Amino acid sequence: MINLTQSYLNIELNGKNSIPELINCEANEDLLIDQKNFKCNGIVFRNCEFKAPFYALQTNIKAGIIFVNCKFSSLAHFSDLTSELEPMYENESISLKFDNVSFGNNLLFRNCHFKRDIKFINNSEIKQAHFEIVEITNGSISMNKSKINESFVLWDCKTNAGFRLINVESSGRLQFRDCHFNFFDINGSNLNKDLMILGGCILDMTFTSSTVKEEVLLKKLNIDSTIYLKNSHFYENFNVEMNDKGKVADIGTISINSTTFAQSFNVMHDFSDPLKIKKLKINSNDPNTGEINLTDLIIDDINITGINRYSIHLKNIYVCNFSLNNLSNSGTIRINNLQGIRDKGSRFVIGNSFLNETIFSNMIFNSFREIEIMDSDLSRIKANNVKWFKYRDINSGNNSPLEKWNGKLKRWNSFLQLCFYNIDLKEDVIKHLQNQREIFRQLKHAMIIEGDKIQSLVFKQYEMRSHATMLSLTRKIWNPDRLILELGKTNNHGQNWVKPIVLLLYVTIIFYPSMFIIANPNLFSFPSITLIDLCKDYAVLWQNLLIVPKILNPAHSVTNLFGVEKETFFWLYFFDILYKIIYAFFIFQIVTAFRKYVK
């Protein structure tokens, strides 16, 4: 081993060699690289051991410094450095590289401004590292296949590219304060202590195939683009806290893909106004568990897909687009006070999903401009204090088959064309109505299980209405079911007692003039334009006005209404019998509606 002294180092740095390489050296005294002695374009230390403090201070390291298979037993201090030349190797852009380097003491970076990367690779091992005011204009700070033993701290650091840990084993605490990265990437790494990111700004944050065994805390942080969690495992809470009222920080996208939370993932804040998130995407196809809690947020787009085993709790959320697509819910989804932002064209979509025991609480469905539910199972959902959608609110988008059909009905010719010529659109409408009927049937069943008979009857009415509309489009002219359902509309399929009363009065008003004219054939004989004739007709009409309440008596007879001499009038008896049949039907409809809660 060559004894590496300060004098020997000065000679190597004097510039005779553009990039000197020191091999198999041992330093037993303090070494200093500074502006006075660094005359070369860069330097490589290979198989060297530094038993005393190593300093690189206040100089331009130009093409960079590389350490390969080196060991630092004492302090390594890099301060007030810059790098301005092109890198020494064309295939990699680095200012400082530590390849299989061991730091047995503190590693300190302070007030450094580099153009290119700082890299720790190939089984490098760090005991304690502290970066303060380090800026990299065209590169990143990265570790690959390396190890952190006690701590790794970055304060007020900025990199144009970002920060990356790849296949890193960390037994130490990681802390980042007021740092600015274009990306923050942890890939294939095991972090056994907590990770704290306090303040600053990160455009993209990614955890891929990684494990964190203690808490992850993101606090007072601007995340403009994405938090992306994939195939990772978090043993403690993953908390996103926005509680600095001086810095309102919104989040771009949160994407959770096949990630396990042994405890919970939480987004929290204490602002008076809701925190804004552009998109929330949860996709899980593996047996991942844990809780996901989001409260008091404005989210542009929520999309939950896959096989869900999480316990997801969304509370006090304002959303533009909410969708559950291709979802099989084996966990718990609790949606509490989810409201659509109507002026932004909000949509609520459930498609090809099995919701199982999804819980809706304090929901206002009519806050969504469009509601689409297609090919899904809602028969086991639970609801508490929910303001449900109306019949015409569901699947009523501008591009839905039903909406196209309704548009054609505006013109009679188009209706005929639909019924007899436009078979494709007609089949789409029938399929659409079948789906709609099935959705209402499932919701009816779910409300019965929940003991909400009132709402179950509403969904029963919608179910019958969808089926009736579907039957009206079939080619079969005579269909008993169609007749039954059409007659059922007179009391909204057993839900409305006012409607049959009003219809009964209308029928009475129609039948009374007919029966009155038949019973008085000489009345209104023409020409009878004299004043005397008109007065006689008016007097007869006035005397027979009392017939109207008598007609409403189900036990009335023609004799009681019009006198004995009228018994022989066939048509009078015919209209009377017909009226009594219709009357009996409406009485049945009224009684049925009155008994809807006790059936």
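**How exposed, how buried?**

Me: Why is Asn 316 called partly exposed?
Reply: Its relative accessibility is 22%, and partly exposed covers what falls between under 20% (buried) and over 50% (exposed). So Asn 316 counts as partly exposed. Bear in mind that this is a predicted model.

Me: Thanks! Where is Asn 316 found, and what is notable about its phi?
Reply: Asn 316 sits in strand E32, residues 311-329. Its phi is positive, about 55°, although the residue is not a glycine.

Me: What makes Asn 352 partly exposed?
Reply: For Asn 352 the relative accessible area is 48%. Exposed would need over 50% and buried under 20%, so Asn 352 is partly exposed. You will find Asn 352 in the loop between strand E34 (347-351) and strand E35 (358-361). Asn 352 also has a positive phi, about 50°, without being a glycine.

Me: On to helix H7, then. Why is Ile 509 called exposed or buried?
Reply: Ile 509, which is found in H7, has a relative accessible area of 57%. The cut-off for exposed is over 50%, so Ile 509 is exposed.

Me: And how do you know which class Ile 501 belongs to?
Reply: Ile 501 lies in H7, residues 498-519. With 31% relative accessibility, set against the limits of 20% and 50%, Ile 501 counts as partly exposed. Measuring from C-alpha to C-alpha in the model, Ile 501 and Thr 490 are 9.5 Å apart, and they are eleven residues apart in sequence.

Me: Which residues form the nonpolar patch on the surface?
Reply: Ile 501 and Ile 509 belong to it, along with Trp 497, Val 498, Val 502, Leu 505, Tyr 506 and Phe 594. Together they have about 740 Å² of accessible area. H7 gives the largest share of this patch, six residues.

Me: Now the interior: which residues of helix H6 are buried, and how do you know on which side they lie?
Reply: In H6 (residues 480-488) the buried ones are Arg 482, Leu 485 and Gly 488. They cover an arc of only 125° around the axis, so they lie on the same side of H6. The buried residues of H6 pack against helix H5 (453-471) and helix H11 (570-594).

Me: What makes up the largest nonpolar core?
Reply: That core has 126 residues, and Phe 45, Phe 78 and Phe 184 are among those with the most contacts inside it. Helix H4 (residues 423-450) supplies the largest share, eight residues. A second, separate core has twelve residues, including Tyr 512 and Tyr 583.

Terms used: Residues numbered from 1 in each chain as written. Predicted model: local features only at pLDDT ≥ 70, side-chain atom pairs only at ≥ 80, totals over all residues. Heavy atoms only, no water. Buried < 20%, exposed > 50% of the residue type's maximum accessible area, 1.4 Å probe, protein only. Helix = DSSP H or I, 4+ residues; strand = E, 2+ residues; numbered from the N terminus. Arc of directions from axis to C-beta. Contact = heavy atoms within 4.5 Å. Core = buried A, V, L, I, M, F, W, Y, C linked by side-chain atoms within 4.5 Å. Patch = residues over 30% accessible without salt bridge, like charges linked within 9 Å, V, L, I, M, F, W, Y side chains within 5 Å. Areas by Shrake-Rupley, 256 points an atom, 1.4 Å probe, with all protein chains shown as cover. Salt bridge = Lys/Arg side-chain N within 4 Å of Asp/Glu carboxyl O.
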